[in-house]
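Please open the model in your viewer, with the sequence panel beside it, and follow the stops below in order. Each stop says what to select and what you will find there.

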Amino acid sequence: MTFQSWAKRLFKNTPKRSEAVEIQENISLAKWTWWKIGGPADFFCTPKTVAEVQEALQFAKLKNLPVTVLGGGTNVLVSDLGVEGLVICMRELRGTEIEERGGRIWIRALAGTPKSELTKIFLRKKLAPALFMCGLPGDVGGGVVMNAGIGENTVPREFCELVDAIEVVDRTTFKISKIKGTDMEWSYRHSGGYSDGIVVQAWLSWPLEMVADIGEKVKQATQNRIARQPLTQPSCGSTFKNPEGAKAGALIEQAGLKGFQIGDAQVSTKHANFIVNLKNARSKDVKAIIEKIKSEVASQFGCQLQTEIRFLGREE
């Protein structure tokens, strides 16, 4: 079975019919992000099917509302003033289908599927992507949009190495289209080639080549992250992209900013590329720390750090 025929058959099985999606008003977004920061969305919904995503977009068009898509909430900083218009949270759009054909494993994953679910699938099959996936928070849609990856020199180390195709919903026409991974534009922590469409699912594959000790490698990698990263505190994960030939965390630490704090936002004392919420941090506090870090690293090392995160919501 070719990828095209396999994808076509699974595409037919994608849920398209549903009850009307529930639209809520004035919903706090703090609990929907890993940083636990952010004001309210004017309108908010959590579609469970692709059809409900289309319905939400139709609602926004009818009301002339801007649309913001929120995935797992791992790499976003939401404004204290909230988000104008409709926020479509993809967290409930989840599910996978798996097949083994032609010496490869093929996975169809809806956008809100946690990456941890993919880790389990690859781990059961003793495949290399388990090591890559175990270091990534968030969901599949966010992984595609950000071309999520890890700093370790493993194969694979970025989402683009697994994605065969994606399915997107056009924000204006609500039409669904499929785009091959080879037709997409991939770069460090970024993907493109699907205009302003909303990624609703992805097809991924990998050769069925077992790695005997993958379970032990995943266990060791997880233990290393627990030891090095502040995983028990609210954060967005890595705040800055690694500049070429350097590590953002090391530069921030060398600049003397480990533990630097504004309000309840703090540069982690465990890993300097993490900004943590100690209790009641606000978006403006995190932004102030980000600007401080950029300024100090540029001044001391001549390096212009760039954030990995997306800023959502009203200007403060």
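In which loop is P156 found? Select P156 and look to either side along the chain: P156 lies in the loop between α5 (140–145) and β8. While P156 is selected, add V155, since the peptide bond that joins V155 and P156 is cis, with omega at about 0°. Keep in mind throughout that this is a predicted model.

**The whole protein**

Now clear the selection and show the protein as a cartoon, in which eight helices and 16 strands make up the secondary structure. The radius of gyration is 20 Å, close to the 20 Å that the globule rule gives for 316 residues, so the protein is as compact as a globular protein of that length. If you align the view with the principal axes, the C-alpha atoms fill a box of roughly 55 × 55 × 30 Å.

Colour by burial next, and buried residues will account for 51% of the 316 residues. When contacts are drawn between residues at least 6 apart in sequence, 65% of them join residues at least 24 apart. Switching to a surface view shows an accessible area of about 14800 Å², of which 48% belongs to carbon and sulfur atoms. For the charges, mark the mean position of the 42 positive ones and that of the 35 negative ones, and these two points turn out to be 4 Å apart.

**Helix α2 and the residue after it**

Select residues 50–63, which form helix α2. With 14 residues at 1.5 Å a residue, α2 should span 20 Å, and its end C-alpha atoms are 20 Å apart, which agrees. Show the side chains, and you can pick out the buried residues of α2, among them V50, V53, L57 and A60. An α-helix has 3.6 residues a turn, so residues three or four places apart point the same way. To see what covers the buried residues of α2, add several strands to the view, including β2 (40–45), β5 (83–89) and β12 (198–207).

Step on to N64, which follows α2 and sits in the loop between α2 and β3. Is N64 buried or exposed? At 69% relative accessibility, N64 counts as exposed, and its phi is near 60°, a positive value in a residue other than glycine.

K126 is the next selection, in the loop between α3 (115–124) and α4 (129–133). Phi of K126 is likewise positive, near 60°, and with a relative accessible area of 36% K126 is partly exposed.

**Q266 and N273**

Move along to Q266, in strand β14 (residues 265–267). Q266 is buried, with a relative accessible area of 13%. Leaving aside residues up to four places away in sequence, Q266 touches G259, F260, Q261, F274, I275, V276, L278 and I289.

Finish with N273, which belongs to the loop between β14 and β15 (275–277). Although N273 lies in a loop, its relative accessible area is 3%, so N273 counts as buried. Which residues does N273 touch, not counting those up to four places away in sequence? They are G237, S238, T239, F240, A248, G249 and I252. As a last step, select N242 together with N273 and draw the distance between their C-alpha atoms: the two residues are 31 residues apart in sequence and 9.4 Å apart in space.

How values were computed: Residues numbered from 1 in each chain as written. Predicted model: local features only at pLDDT ≥ 70, side-chain atom pairs only at ≥ 80, totals over all residues. Heavy atoms only, no water. Helix = DSSP H or I, 4+ residues; strand = E, 2+ residues; numbered from the N terminus. Rg over C-alpha atoms; globule rule 2.2 N^0.38 Å. Buried < 20%, exposed > 50% of the residue type's maximum accessible area, 1.4 Å probe, protein only. Contact = heavy atoms within 4.5 Å. Areas by Shrake-Rupley, 256 points an atom, 1.4 Å probe, with all protein chains shown as cover. Lys, Arg positive; Asp, Glu negative; His and termini not counted. Charge placed at Lys NZ, Arg CZ, Asp CG, Glu CD. Expected span 1.5 Å × (residues − 1).
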